Amino acid sequence: MNSHLPMQRQAHRPISLPLTLALLLAAPVYAQAQEAPRTAAEVSGFERTSTHAEVVAFVRALSGLPHADRLRVESAGTTNEGRDLLTVTVGAPLPRETRAAEAGTRLRILINANIHGGEVEGKEAVQQVLREFALGEHEDLLAGAVVVFVPVYNADGNDDLSRRNRVSQNGPEEGVGKRPNAQGLDLNRDFVKVESPECQGLLALVNRWDPHIFMDLHTTNGSSHGYHLTYSPSLATNVDADLDGFVRTTFLPEVRAATFTNHGFRTFDYGNFSRGEEKSWETYDHRPRFGTNYMGLRNRLSVLSEAYSYVSFEKRVAVTRAFVLENLRAAVGHAEEIRRLCAQADRRALERDSSVRFAWDTQLADGHVQDVLVGTLSSVEIEGIGTRRVVESGFHAEPMVVRDGFTSTKSVALPAAWVLPDPSAAVTAALAHHGIEVTRLATAAEVEVRTFVIAELERAERPFQGHHEVRLTGEWTSVQRTLPAGALVIPANQRLGRVAAQLLEPESEDSLATWNFFDERLEPAVPGEPRPVYPVLRLESVEGLVMGGD
Ligand SMILES: [Zn+2]
């Protein structure tokens, strides 16, 4: 897919220009003459946050700084209201294109900010970090990594500023954007169905950049805890176990320690105090509709960052910046191991290794007792607006059960392939957005297939994100069936085999079926007649089938 190229050309002229030797020699003088640009938050004394246009102007103004040749501004798409999905690639040297093969042996990282329009400190912190790169700082990080930043992902939501958004949040005074995009979609619930132009643009970028690490920068309200920021790895249960073990037991603990030692900020696994009889600390959700959960299924490392809403805006920006830098430092420090783990997870998927299974029936895993910092909040009435919450300085440690992961009770080996005898255009397009490899049957074939006979179809009464979510239960059975020429075949032995399973398996807890992609195939043609079988079949072997391209 080359559709991003015209967008790049029309949207943004790269700001980096090859520097002549003369300019290089003159750089220190030039740096003094040129004042580094300041963000809208900094200029206002952290009373306000940047609009999309101000972020664009800021990153363009970085072109005056001595190491601007390390930055390239591009666009990954266009929002509903016509704003550019701004990206900034940073490397020393800058890769010729923002494409995986161009990064050489350096680690590839993608950092997304402002997915929820009212959660603004990632956007502000990213601008600061970009300025530091353009000033020549963090050379040690750029020696080992190329980083792509998306400073203002939900650009339309960001610009719908109001003091009435996120009222309980501790600033900025002049208000923040709204949570959803211009379609009314929560972009951090869109990673399975991919309905927004933002997610389509981001996944196209992910497909060509293939980041080893994905970070998503948020702000969290909720329980009264004693941390400046909480974080989470992918919570999907269908991730590679070695990669998951590394991020949980090595990577994130190291980032947490460094964020405290080097910056004085307290961080911990994301969670909230449970309302159960015994107080515990529980994480959120395992489903891949959430971006960082999804990226785990792609055999990559991901980190959710949640600055604490009741800490002052200025401090939230500072802790988010510190956390981003310490993630980059830990990534570069473990670059070889991360590359090896990602490659190993890919190989397991490609070889349909026995460790690659599809699991469902998922619940919070048993935890372990640990000290959790409990904080206190005070309330401040903002006239005519509502109640703001502000952290008090004191906090104390309480031992309690920490439940920071999920477990699935049922699992099955992957088939050789899934087949859709008669796929809809919407399903084909969704698979393409994810980058799933597909092929077609060149000639009709009679084969033994596994079909899922639906026993129960449960449709949520209340709409969510414009959908009535579907849940299926049933039984697999083997039958002889003639598959037509042109049937869509999705081999399981591909790098994204785990994603394919998640999207296509009928018992998946977050799949194309969940989001109504198969609805018309799930209802009986004649009311009262038995339901048709699930429209995705399993093939235990593809031997003898003649495939004819995609
Ligand atoms: Zn959020």
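Q: Is R300 buried or exposed in this predicted model?
A: Start with the cut-off: buried means under 20% relative accessible area. R300 has a relative accessible area of 5%, so R300 is buried.

Q: Which side chain does R300 meet in a salt bridge?
A: First the general idea. Side chains of opposite charge can pair when their charged atoms come close. Now the case here. R300 meets the side chain of D346, at 2.9 Å from N to O. R300 sits in the loop between α10 and β10 (301-308), while D346 belongs to helix α12 (residues 335-350), so the pair ties together parts that are 46 residues apart in sequence. D346 is buried too, with a relative accessible area of 11%.

Q: Which residues do salt bridges that share partners join into one network?
A: R108, D210, R300, D346 and R495.

Q: How many salt bridges does the structure hold?
A: It holds 42. One of them joins R83 and E81, at 2.7 Å from N to O. R83 counts as partly exposed because its relative accessibility is 22%.

Q: How do I read the D244 and R248 pair?
A: Look at the spacing along the helix. D244 and R248 are 4 residues apart in helix α9, so about one helical turn separates them. They form a salt bridge, with the closest N and O atoms 3.3 Å apart. Then check accessibility. D244 is partly exposed at 21%. R248 is partly exposed at 26%.

Q: Where does S234 lie?
A: In the loop between β6 (229-232) and α9 (241-263). Do not judge burial from the word loop; read the accessibility. S234 has 7% relative accessibility, so S234 counts as buried.

Q: Which backbone atoms does the side chain of S234 reach?
A: Look for polar atoms on either side. The side chain of S234 reaches the backbone oxygen of N293 at 2.9 Å. A polar atom of that side chain also lies 3.4 Å from the backbone nitrogen of A236.

Q: Which residues does S234 touch, not counting those up to four places away in sequence?
A: V239, D244, R248, T292, N293, G296 and S302. Two of these names have come up as a pair: D244 and R248 form a salt bridge.

Q: How many residues of helix α14 are buried?
A: For a whole helix, count residue by residue. In α14 (residues 497-504), 8 of 8 residues are buried, and the helix is mostly covered. Among them are G497, R498 and Q502.

Q: What do the buried residues of α14 pack against?
A: Two helices and three strands are named: α10 (291-297), α13 (425-434), β11 (357-364), β15 (417-420) and β19 (488-491).

Q: What is the strand order in the open sheet of 8 strands?
A: Read across the sheet, not along the sequence. The order is β1-β2-β4-β3-β5-β10-β6-β7, with mixed pairing.

Q: Which strands stand at the edges?
A: β1 (71-78) and β7 (267-269). Each has a single partner strand, so one side of each is left without a neighbour in the sheet. Across this sheet, neighbouring strands are turned by 25° against each other on average, direction ignored.

Q: How many bridges join β3 to β4?
A: There are 6, and the strands run parallel. β3 covers residues 107-113 and β4 covers residues 145-150. To find the register, look for facing residues: L107 stands opposite A145 in β4.

Q: Which strands does helix α4 lie across?
A: α4 (residues 52-61) lies across β1 and β2 (84-90). For direction, use the angle: α4 runs at about 30° to β2.

Key. Residues are numbered from 1 along each chain as its sequence is written. This is a predicted model: local features need pLDDT of at least 70, side-chain atom pairs count only at pLDDT 80 or more; totals for chains, interfaces and linings use all residues. Side-chain values use heavy atoms; hydrogens and water are left out. Buried means under 20% relative accessible area, exposed over 50%, partly exposed in between (1.4 Å probe, protein chains only). A polar contact is a pair of N or O atoms within 3.5 Å; within protein, one must be able to donate a hydrogen and the other to accept it, and residues adjacent in sequence count only if both atoms are side-chain atoms. Contact means heavy atoms within 4.5 Å. A salt bridge is a side-chain nitrogen of Lys or Arg within 4 Å of a carboxyl oxygen of Asp or Glu. Two strands pair if DSSP finds at least two bridges between them. Axes are lines fitted to C-alpha atoms, for helices over the stretch in contact, and angles run from 0 to 180 degrees between N-to-C directions.
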